[in-house]
Amino acid sequence: MAAYQIAPSVLAADFGHMARAAQEAEQAGAGAVHVDVMDGHFVPEISFGRRMVEALRAATTLPLDVHLMVRHPARHVEPFIASGATALTLHAEAAPHDALPGLLRAIRAAGARAGLALKPATDPDLLAGLFPLLDQVLVMTVEPGYSGQPFQPQMLPKLSAIAGQAPATVTLAVDGGIDEHTIKRCADAGATFFVAGSSVYSPRRSVAEGVKALRLALGQRT
Ligand code: DX5
Ligand code: ZN
């Protein structure tokens, strides 16, 4: 069976208890903590910055998967990695295409895994030629900006197309509307890394129960 990882997104957690949210993800057996950084320009909301990454770094030993939804990613690469990001994913739409190779190289040079995220409308063909510089691709299955939006099933063919082109060294991740009804469809399309916000940090159940429900939907027992 493929090695699947679930990355709870603390954007959906209680902002008054972020360290606890990360620790609950770790105790639930998550593979990483997903950290959504929003600047109020690339997306409408402002979420949090590198000081939050530092706080989460101190709270958990899990990898920190930082998703940069910011308009000027270049100036943020080194500070976020110095603050503890294990992986740094920037948006392909946030920089000119010819700037992307340099940005991805800078992420690796600073010691993190390099990722590129694609909004729902973004053509995956832009990834051609970039795969050697990438450790992960994040396919957005909602419009970036908010937790709790419905999954867009029309992203499944895009996921399959990328899975068919990406080398095995590149992790294929999905983000947006991932719950026990959608996660297996994404796995069947080739994703192995699943970001989940509101299905894990929910008033309906504990973080452990949320992660377990996703695992069960993937066909994993533990
Ligand atoms: C949305 C963020 C997501 C968000 C996912 O822009 O990138 O990581 O927290 O939340 P759900 O899983 O609720 O769609
Ligand atoms: Zn995200």
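Me: What does buried mean for a residue here?

Reply: Buried means under 20% relative accessible area. Keep in mind that this is a predicted model. Thr141 has a relative accessible area of 1%, so Thr141 counts as buried.

Me: Where is Thr141 found?

Reply: Thr141 is in the loop between strand E6 (136-140) and helix H5 (156-165).

Me: Which backbone oxygen lies 2.7 Å from a polar atom of the Thr141 side chain?

Reply: A pair of N or O atoms must be within 3.5 Å to be a polar contact. For Thr141, the partner is the backbone oxygen of Gly176.

Me: Now the ligand. Which residues come nearest to ligand 1?

Reply: A residue joins the shell if one of its heavy atoms lies within 4 Å. There are 20 residues around ligand 1. Ser9, Gly145, Ser147, Asp175 and Ser198 come nearest.

Me: How many residues of the shell around ligand 1 are nonpolar, polar and charged?

Reply: Eight are nonpolar, ten are polar and two are charged.

Me: Which side chains put a polar atom by an oxygen atom of ligand 1?

Reply: Take three cases. Ser9 has a polar side-chain atom 2.8 Å from a ligand 1 oxygen. For Asp36, a side-chain N or O atom is 2.8 Å from an oxygen atom of ligand 1. For His34, the distance from a polar side-chain atom to a ligand 1 oxygen is 3.4 Å.

Me: How much of the accessible area of ligand 1 does the protein cover?

Reply: Compare the ligand on its own with the ligand in place. Alone, ligand 1 has 380 Å² of accessible area. The protein covers 100% of that.

Me: What space does ligand 1 take?

Reply: Ligand 1 takes the space of the largest pocket.

Me: Which elements give two or more residues to the shell around ligand 1?

Reply: They are strand E2 (33-38), strand E3 (64-69) and strand E8 (193-196). E2 gives the most, with three residues.

Me: Back to His34. Where does His34 lie, and is it buried or exposed?

Reply: His34 lies in strand E2. Its relative accessible area is 1%. The limit for buried is under 20%, so His34 is buried.

Me: Which side chains make polar contacts with the side chain of His34?

Reply: Read each contact as a pair with a distance. The side chains of His34 and Asp65 are joined by a polar contact of 2.8 Å. Another polar contact, of 3.4 Å, joins the side chains of His34 and His67. Add the ligand 1 oxygen, 3.4 Å from a polar side-chain atom of His34.

Terms used: Residues numbered from 1 in each chain as written. Chains lettered and ligands numbered in written order. Predicted model: local features only at pLDDT ≥ 70, side-chain atom pairs only at ≥ 80, totals over all residues. Heavy atoms only, no water. Polar contact = N/O pair within 3.5 Å; in protein donor to acceptor, adjacent residues only side chain to side chain. Areas by Shrake-Rupley, 256 points an atom, 1.4 Å probe, with all protein chains shown as cover. 1 Å grid on protein atoms, 1.4 Å probe; cavity = no way out; pocket = protein on both sides within 12 Å on 5 of 7 lines; lining within 4 Å. Sits in = over half its atoms within 2 Å of the grid points. Helix = DSSP H or I, 4+ residues; strand = E, 2+ residues; numbered from the N terminus. Nonpolar A, V, L, I, M, F, W, Y, C, P; charged D, E, K, R; others polar. Buried < 20%, exposed > 50% of the residue type's maximum accessible area, 1.4 Å probe, protein only.
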